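I wanted to go through the aromatic rings in this one and note how they pair. The entries below are in the order I looked things up.

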Amino acid sequence: MSRNQIIDTLAEELRNNSTVTIMFHQAIGTKLGLNATDHKCLDVILNNQPITAGCLSDLTGLTTGAITGVLDRLEKVGYVFRVKDPKDKRSVLISVDREKAEKDILPLFHSFGQQLNQMLSSYNDKELQNALDFIRQCNCLLKDFTEKIIK
């Protein structure tokens with residue numbers, strides 16, 4: 001395969017990966033009684049908690065109105081809770097009920113995580129480092145283009 005064919009094939013596989021990733025997270029969300037956006041917002045909250053609605057809006061690119069709906073749905077099913085910010089009583093902080101999230105979500109990722117680790121173990125350290133660099137650069141590129149689209 002020529003270099004151009006490899007690049008074209010890789011670009012196609014990245015599009016395929018994006019699609020199956022969205023479908024995977026939609027399936028997880030459905031299993032949890034959430035949509036894919038709510039599920040991924042839950043992940044953003046988990047990794048940045050406690051977090052304000054405004055910060056969640058900034059991190060996701062969703063409007064504050066959309067974030068209110070996400071938080072209402074996540075709170076209704078018990079995954080997040082809101083508390084007044086002790087430093088600023090006008091502000092509300094959102095946190096994840098870690099126990100519920102771990103009980104409900106971790107089992108859904110367990111076998112996937114095992115198989116992913118098995119797959120990754122077939123690569124040497126240099127190959128893994130190259131893959132890590134590639135993924136990080138792709139993530140930066142996607143974030144940059146997302147910000148350009150939103151603005």
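**Ring contacts**

I started with F109, which has a relative accessibility of 24% and so counts as partly exposed. The model is a predicted one, and I read the values with that in mind.

I then looked up F24, which is also partly exposed, with a relative accessible area of 27%.

Next I counted ring pairs, taking centres within 6.5 Å as the cut-off. I found two aromatic pairs. For F24 and F109, I noted ring centres 5.5 Å apart and planes at 75°, so this pair is edge-to-face. I placed F24 in helix α1 (residues 3-32) and F109 in helix α5 (residues 98-120), so their contact ties together parts that are 85 residues apart in sequence.

The second entry I made was for F24 and F112. Their centres are 5.2 Å apart and the planes meet at 35°, so I logged the pair as tilted. Here F24 is in helix α1 and F112 in helix α5, so the pair links parts 88 residues apart in sequence.

I checked the accessibility of F112 as well: at 41% relative accessibility, F112 is partly exposed.

Putting the pairs together, I noted that they link F24, F109 and F112 into a cluster.

**Charges over rings**

Which residue lies over the face of Y79? I found K100 there, at 4.8 Å from the ring centre.

I also looked at F145. K148 lies over the face of this ring, at 4.9 Å from the ring centre.

Conventions:
Residues are numbered from 1 along each chain as its sequence is written. This is a predicted model: local features need pLDDT of at least 70, side-chain atom pairs count only at pLDDT 80 or more; totals for chains, interfaces and linings use all residues. Side-chain values use heavy atoms; hydrogens and water are left out. Rings of Phe, Tyr and Trp (its six-membered ring) pair if their centres lie within 6.5 Å; planes under 30 degrees apart count as stacked, over 60 as edge-to-face and the rest as tilted. Helices (H or I, at least four residues) and strands (E, at least two) are DSSP runs, numbered from the N terminus. Buried means under 20% relative accessible area, exposed over 50%, partly exposed in between (1.4 Å probe, protein chains only). A charge sits over a ring if NZ of Lys or CZ of Arg is within 6 Å of the ring centre and within 35 degrees of the ring normal.
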